[in-house]
Amino acid sequence: MDLLSPPLKTVIPGTLNIVASDFDARPMSYVVDGLHLGYEPDVARAVCQRLGLNPVWHNLPMAKFYPSLQTGKYDLVWFNQAITPERQAWANFTRPYGYFDEAVLVRVESTASSPAELAGLRVGGLADSTNLALAASFADAQIVPFPGSDNVLPEMLQALRTGEIDALVDDELVLLVAAEEDPRLKIAFSVPTQVPFGIAVCPGQPELVDALNATLSDLIADGTLLQLWSHWIPWKPFPLR
């Protein structure tokens with residue numbers, strides 16, 4: 001930020017209060033010994049460095065993300081947030097900092113390899129998410145929504161392991177890690193949805209939205225986001241120009 005410019009208005013001057021979750025969503029976001037790691041936290045730090053802000057993360061259940069944002073205690077939500085009309089009713093979104101595909105995870109003995117083969121099966125996903133909307137598009141699949149608790153991903157994975165559900169729809173990157181770490185699970189198929197993820201800013205902060213957008217554009221133009229993407233998500237082409 002230009003040193004001659006007035007300080008950017010945030011809830012606490014000099015601080016960016018970020019609503020997020022501490023659950024393990026590698027490579028996008030995870031926490032080790034209190035340190036936030038992954039693509040999203042690294043982008044957040046790069047943005048805050050340019051804007052002269054100190055990022056502070058607050059661990060909240062996903063179901064409380066947007067109601068909490070309305071309290072005025074936080075500046076924004078930055079945690080795996082697909083830009084959807086439903087969420088835009090609660091917050092103002094920045095330009096995307098990435099586009100992401102979705103996938104279906106099953107137990108290793110499953111023979112399902114396409115949406116048609118999920119007919120009659122119980123397919124879980126996060127309630128009110130693009131993932132569950134995708135699951136609803138699978139003909140005759142039985143949709144099982146999971147409330148957005150602060151432990152929702154482990155809950156959904158455990159439900160799949162124990163047979164409470166037959167398949168799980170989520171962001172491809174997150175499910176790839178789950179499949180790599182648990183030999184009982186595998187990716188059935190991926191869907192190239194290229195869902196845009198953005199930063200959800202508390203209403204009434206247009207200057208903050210503009211500053212975030214300008215900074216993201218600068219970080220794309222100078223190659224910083226490409227570098228961070230290549231570090232955390234090297235197997236996927238960088239989607240931003």
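Which residues in H1 meet which residues in H7? The close-ups below take up that question and a few others, using a predicted model.

**Figure 1. Where H1 meets H7.** On the H1 side, the residues are Val-43, Ala-46, Val-47, Arg-50 and Leu-51, and they meet Ala-211, Leu-212, Thr-215, Leu-216, Asp-218 and Leu-219 in H7. Sorted by class, this contact holds eight nonpolar, one polar and two charged residues. H7 covers residues 206-221, and its axis lies 10 Å from that of H1, at a packing angle of about 110°. Angles from 65 to 115 degrees count as roughly perpendicular, and so H1 is described as roughly perpendicular to H7.

**Figure 2. Where H1 meets H8.** Here we look at H1 (residues 39-51) beside H8 (residues 224-232), with an angle of about 155° and a spacing of 10 Å between the axes. Because an angle over 145 degrees counts as roughly antiparallel, that is the label for H1 against H8. The handedness of this crossing is right-handed. From H1, the contact uses Tyr-39, Asp-42, Val-43, Ala-46 and Arg-50, while H8 supplies Thr-224, Leu-225, Leu-228, Trp-229 and Trp-232. By class, the contact of H1 with H8 breaks down into seven nonpolar residues, one polar and two charged.

**Figure 3. H1 on its own, from end to end.** How many of the 13 residues of H1 are buried? The count is 10, so H1 is largely enclosed by the rest of the structure. To find them in the model, look for Tyr-39, Glu-40, Pro-41, Asp-42, Val-43, Ala-44, Ala-46, Val-47, Cys-48 and Leu-51. The length of H1 can be checked too: at 1.5 Å a residue, its 13 residues should span 18 Å, and the end C-alpha atoms are indeed 18 Å apart. Just after H1 comes Gly-52, whose phi is positive at about 70°.

**Figure 4. A cis peptide bond at Pro-27.** Some background helps with this view and the next: most peptide bonds are trans, and most residues other than glycine have a negative phi. The bond that joins Arg-26 to Pro-27 is cis, and its omega is near 0°. You will find Pro-27 in the loop that runs between strand S1 (15-20) and strand S2 (30-32).

**Figure 5. Positive phi at Asp-140 and Gln-194.** Asp-140 is not a glycine, yet its phi is positive, at about 65°. Asp-140 sits in the loop between helix H4 (130-136) and strand S9 (142-146). With a relative accessible area of 63%, Asp-140 is exposed. Gln-194 is another residue other than glycine with a positive phi, near 45°. Rather than a loop, the setting of Gln-194 is strand S11 (residues 185-197). Is Gln-194 buried, partly exposed or exposed? At a relative accessible area of 37%, Gln-194 is partly exposed.

**Figure 6. Asp-210 and Thr-94, apart in sequence.** For the last view, we return to helix H7, which holds Asp-210. Asp-210 has 52% relative accessibility, and because the exposed class begins over 50%, Asp-210 counts as exposed. Along the sequence, 116 residues separate Asp-210 from Thr-94, whereas in space the two are 8.0 Å apart, C-alpha to C-alpha.

Note on methods:
Residues are numbered from 1 along each chain as its sequence is written. This is a predicted model: local features need pLDDT of at least 70, side-chain atom pairs count only at pLDDT 80 or more; totals for chains, interfaces and linings use all residues. Side-chain values use heavy atoms; hydrogens and water are left out. Axes are lines fitted to C-alpha atoms, for helices over the stretch in contact, and angles run from 0 to 180 degrees between N-to-C directions. Helices (H or I, at least four residues) and strands (E, at least two) are DSSP runs, numbered from the N terminus. Angles under 35 degrees count as roughly parallel, over 145 as roughly antiparallel, 65 to 115 as roughly perpendicular and the rest as oblique. A crossing is left-handed if the near helix is turned anticlockwise from the far one by less than a right angle, and right-handed if clockwise. Contact means heavy atoms within 4.5 Å. Ala, Val, Leu, Ile, Met, Phe, Trp, Tyr, Cys and Pro count as nonpolar, Asp, Glu, Lys and Arg as charged, and the others, Gly among them, as polar. The expected span of a helix is 1.5 Å times one less than its number of residues. Buried means under 20% relative accessible area, exposed over 50%, partly exposed in between (1.4 Å probe, protein chains only).
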